[in-house]
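Biologist: I should like to learn how to read this structure, one feature at a time. Please begin with the general idea in each case and then turn to the example.

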Amino acid sequence: MTGKLAIEAKGLTKSYKIGKIKQPVLKEVNFTAYHGQVTMVMGPSGSGKSTLIAALSGLMKPDEGEVIALGESLWKKKKAKIDQFRLDHCGFIFQGFNLFPALNATQQVEQVLKYCKVKKGEAKKRAVQALTEVGLDKRLKQTPSALSGGEKQRVAIARALSKNPQLLFADEPTSALDSVSGQVVIKLLHRAAKEHGAAVIVVTHDPRLEAYADRVIHMEDGQILSDTFVNRPEDVPPSAPHA
Ligand SMILES: Nc1ncnc2c1ncn2[C@@H]1O[C@H](COP(=O)(O)OP(=O)(O)OP(=O)(O)O)[C@@H](O)[C@H]1O
């Protein structure tokens with residue numbers, strides 16, 4: 001699996017209408033990401049990074065273009081099937097953690113596994129395993145109010161990883177964290193790519209994270225300006241950044 005194409009987008013175009021003015025946000029963007037790689041998407045605020053992630057993950061339909069995710073044409077599916085695809089194959093990590101305030105760390109992870117129809121006993125086992133993997137085995141019973149920002153983000157990562165997703169999307173995962181916690185988080189995302197074979201797509205402003213990227217894509221004004229492999233997957237010939 002590692003090194004194989006996981007997701008490919010061709011000609012993604014999206015505009016938002018503000019009053020009568022149409023503002024283009026994605027301008028025929030071509031994008032690829034590979035299993036076992038951390039692909040980092042960088043660029044100034046408003047350059048279209050979050051919109052790209054939303055189009056790649058089935059959260060927002062592009063005006064034009066195609067997304068082939070794990071071999072399936074995502075936007076040709078009906079909405080319910082897209083939701084199911086997301087549930088089955090995608091993990092999400094956001095800047096704001098998005099945890100349930102009343103649930104403890106174990107329950108946060110179990111909740112997601114319940115949606116995935118994992119049986120109760122198995123869900124508990126997998127939740128503890130995922131939380132242990134992110135170093136939170138001593139914090140299983142804590143609710144978010146008793147956790148630091150870095151620990152909350154680790155719960156969010158455990159929750160995403162517990163499904164063993166093939167596609168892992170992280171939008172500014174470290175921007176609310178101090179640099180030490182940020183390093184822990186990016187190392188965990190890196191491990192998700194290397195040990196679980198996930199295609200990890202990270203949107204970030206944080207240049208310190210570049211050290212953990214297999215590939216760095218720079219966006220500006222709705223377009224990809226540069227696309228640099230640090231580690232090139234076997235399937236990609238040197239002449240083809242968007243193969
Ligand atoms: N739902 C929306 N309606 C109207 N305009 C939107 C909407 N969502 C995003 N935009 C606009 O689209 C542009 C791109 O937004 P996007 O969030 O994709 O950029 P970004 O690169 O992720 O920015 P940031 O780094 O600040 O998160 C911005 O100008 C934003 O204001």
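**Reading the model**

Modeller: Let us begin with a helix and its buried residues: in helix H3 (residues 105–115), Ala105, Thr106, Gln108, Val109, Glu110, Val112 and Leu113 are buried. A residue is buried if 20 or more other C-beta atoms lie within 10 Å of its own, exposed if 12 or fewer, and partly exposed in between, with C-beta atoms placed from the backbone. Helices (H or I, at least four residues) and strands (E, at least two) are DSSP runs, numbered from the N terminus. Residues are numbered from 1 along each chain as its sequence is written. This is a predicted model: local features need pLDDT of at least 70, side-chain atom pairs count only at pLDDT 80 or more, and totals for chains, interfaces and linings use all residues.

Biologist: What covers the buried residues of H3?

Modeller: Contact is the idea to use here: two residues are in contact if their C-beta atoms, placed from the backbone, lie within 7 Å. The cover over the buried residues of H3 includes helix H4 (120–133) and H5. Just after H3, Lys117 has a positive phi of about 65 degrees.

Biologist: In which order do the six strands of the open sheet lie?

Modeller: Two strands pair if DSSP finds at least two bridges between them. Here the order is E6-E7-E8-E3-E9-E10, with mixed pairing. Strand E6 (90–94) and strand E10 (223–229) are the edge strands, each pairing on one side only. Between E6 and strand E7 (residues 167–171), the pairing is parallel over five bridges. Phe92 has Phe169 in E7 as its bridge partner.

Modeller: A helix can also be placed against a sheet by its direction. Axes are lines fitted to C-alpha atoms, for helices over the stretch in contact, and angles run from 0 to 180 degrees between N-to-C directions. Helix H5 (residues 149–161) packs on this sheet and touches E6 and E7, its direction making about 170 degrees with that of E6.

Biologist: Why is one side of E2 and of strand E5 (72–73) left without a neighbour in the sheet?

Modeller: The sheet in question is open and has four strands in the order E2-E1-E4-E5, with antiparallel pairing. E2 and E5 stand at its edges with a single partner strand each, so one side of each has no neighbour in the sheet. Strand E1 (residues 5–18) and strand E2 (residues 21–34) are joined in the antiparallel sense over 10 bridges, and Tyr16 stands opposite Gln23 in E2. Their hairpin has two residues between the strands, and Gly19 takes a positive phi near 65 degrees there.

Biologist: Is Ala69 in strand E4 buried or exposed?

Modeller: Ala69 is buried, because 25 other C-beta atoms lie within 10 Å. Its bridge partner in E5 is Glu72. Leaving aside neighbours within four places in sequence, Ala69 is in contact with Ile7, Leu74 and Leu167. Ala69 and Leu167 are 98 residues apart in sequence, yet 8.6 Å apart in space, C-alpha to C-alpha.

Biologist: Which residues surround the ligand?

Modeller: A residue is near a molecule if its C-beta atom, placed from the backbone, lies within 6 Å of it. The ligand is surrounded by Tyr16, Val25, Gly43, Ser45, Gly46, Ser47, Gly48, Lys49, Ser50 and Thr51. Helix H1 (residues 49–56) supplies the largest share of this shell, three residues.
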